[in-house]
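Biologist: I am new to this structure and would love a close look at one part of it. Could you walk me through the salt bridges that tie far-apart stretches of the chain together, and then show me what lies around them?

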Amino acid sequence: MTQDIHIIGGGLAGSEAAWQLAEAGLKVRLSEMRGGGDMTPAHESDRLAEMVCSNSFRSDDAENNAVGLLHQEMRRLGSLVMAQADATKVPAGSALAVDRDGFAARVTEKLEGHPNITIVRERIDALPDHPCIIATGPLTGSALAEAIAAETGRDALAFFDAIAPIVHGDSIDMSVAWKAARWNKGGDDYINCPLTKEQYHAFVEALNAGEKTEFKEWEKDTPYFEGCMPIEVMAERGPETLRFGPLKGVGLDDPRTGRWPYACVQLRQDNASGTLWNIVGFQTKLKHGAQVEIFRTIPGLENAEFARLGGIHRNSFIRSPDLLDRQLRLKSRPNVRFAGQITGCEGYVESAAIGLIAARFALAEARGEDLAPPPNLTALGALLGHITVDANVATFQPMNVNFGLMPPLPERFRKADRKKAYTDRARAAFAEWLGEPAPAAPQPAEADRIDA
């Protein structure tokens, strides 16, 4: 098949980009090195769109959460990733979590079966001269990374990312743990393991003393991404840090006491059958032996069997606001677009979203059209703006989508109404960008406004 465009990388961004272009009628060559004799330090299979860290797409609340709003915008644009996430969702309260194996299998099946897509298991080591989208993610192969650095004349920035462990559900002691969601939102979607004050502080001490992965000399100054901080690094910040973070007991009524625990470890369902559970917020750089020893001190996990232990890997991204134009093209070589986490967006959803908009820009260019970027009042537009024009180049770091990336509201709202005001405004702007009638949005009562 003669290709119209070349996608390099079969993660969430590359898979989404390939689908968008193929559905529009373009012939796509999708190159993925896994399955062709190469593997990354984080992946376990050669499936496309494999999720290597959490199985959560985070909040699905499109009224009060920026990532939920991004979910909604992507669904309106025919996102493959969101469609397959919805098809493989598992209980997770107000969050959208998926059966990771089922999700990757369905995405792979959809792409393999598309008549306009040719999947080639190959490693690409140089920047192509033809139209392409590079979506190789934060674990870009060394040869291609060197080619990118040679082209841009700048070193890639980098940070560490960590993977949380997964526990076999039948090894959790449910006489100690119980199922519930915080504030009873979402029924019994999480398994909760309560800790007393003494147990909590002993756990923190064990984390601080546990044997950690040693870094190579060139890795020692690489920063962590704040949204995926290893649990033992959080523990080093102070003895109470975890209790006000991933081990927060607030909103969880222990049925045995009727009270909130001093601290609480939560596990989230990781597959459709409920046999695997992800320890929430437990990304870690502890060595494997230390993980087993320390995590089995958690009440309810004394006999835990681990389907996967945590790990750590070095992630790289480019200085996108300096190197890319508003349509994600490399300024020095406009036939090359970048998408996904290599651009400095962070998160599964954000990665796929940038793959989606990169494909739409490439499609418009192939048709001789000019597609205006989505306005920065929208979740997609705000995220795109962060990695192209709005971020400070000198301090650029990976970022999840959030309301802080959007322009401030023209009026002051009470705190309880502010998020809804952002999403109402975003939906109207998104509809206008699509050329559709604006959705009806109720105006806040005068009492809900705060005059400046």
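Modeller: Happily; here is a walk through those salt bridges, followed by the strands and surface patches around them. Please keep in mind that this is a predicted model.

Let us begin with the overall count: the structure holds 23 salt bridges. One of them joins the side chains of Glu-63 and Arg-427, with 3.2 Å from N to O. This pair links distant parts of the chain, as Glu-63 sits in the loop between β3 and α2 while Arg-427 belongs to helix α12, 364 residues apart. Is Arg-427 buried or exposed? Arg-427 counts as buried because its relative accessibility is 12%, under the 20% cut-off. Glu-63, with a relative accessible area of 30%, is partly exposed.

A second salt bridge brings together the side chains of Glu-436 and Arg-76, at 2.2 Å from N to O. Glu-436 lies in the loop between α12 and β19, and Arg-76 in helix α2, so the two tie together parts that are 360 residues apart in sequence. Both ends are partly exposed: Glu-436 has 38% relative accessibility, and Arg-76 has a relative accessible area of 36%.

The third one to look at is formed by the side chains of Arg-100 and Asp-270, at 2.7 Å from N to O. Arg-100 is in helix α4 and Asp-270 is in the loop between β12 and β13, so this pair ties together parts that are 170 residues apart in sequence. Here both partners are buried, Arg-100 at 10% relative accessibility and Asp-270 at 2%. Returning to Glu-63 and Arg-427, these residues also belong to a network: salt bridges with shared partners join Glu-63, Lys-420, Asp-424 and Arg-427.

Helix α12 is worth another glance, this time for its surface. Arg-412, Lys-415, Arg-418 and Lys-419 form a positive surface patch. Helix α12 (residues 415–434) gives the most to this patch, with three residues, while Arg-412 is found in strand β18 (residues 412–413).

Now for the strands. Strand β3 (residues 56–59) pairs with β5 in the antiparallel sense over two bridges, and Ser-59 has Ala-95 as its bridge partner in β5. Strand β4 (residues 89–90) is also joined to β5 by two bridges, again antiparallel, with Val-90 partnered by Ala-97. β4 and β5 make a hairpin with four residues between them, and Gly-93 in the turn has a positive phi of about 65 degrees. Strand β5 (residues 95–98) is covered on both faces: Ala-95 and Ala-97 are buried on one side, Leu-96 and Val-98 on the other.

Strand β12, which comes before the loop holding Asp-270, takes part in an open sheet of six strands in the order β10-β11-β12-β13-β9-β14, with antiparallel pairing. At the edges are β10 (178–179) and β14 (306–308), each pairing on one side only. Within this sheet, β11 (residues 190–195) and β12 (residues 263–269) pair over six bridges, and Cys-193 has Val-265 as its partner in β12.

One last stop is the loop between α7 (231–236) and β12, where Val-250 is found. Together with Trp-183 and Trp-260, Val-250 makes a nonpolar surface patch of about 320 Å². Val-250 itself is partly exposed, with a relative accessible area of 33%.

Terms used: Residues numbered from 1 in each chain as written. Predicted model: local features only at pLDDT ≥ 70, side-chain atom pairs only at ≥ 80, totals over all residues. Heavy atoms only, no water. Patch = residues over 30% accessible without salt bridge, like charges linked within 9 Å, V, L, I, M, F, W, Y side chains within 5 Å. Areas by Shrake-Rupley, 256 points an atom, 1.4 Å probe, with all protein chains shown as cover. Salt bridge = Lys/Arg side-chain N within 4 Å of Asp/Glu carboxyl O. Lys, Arg positive; Asp, Glu negative; His and termini not counted. Charge placed at Lys NZ, Arg CZ, Asp CG, Glu CD. Buried < 20%, exposed > 50% of the residue type's maximum accessible area, 1.4 Å probe, protein only. Pairing = 2+ DSSP bridges.
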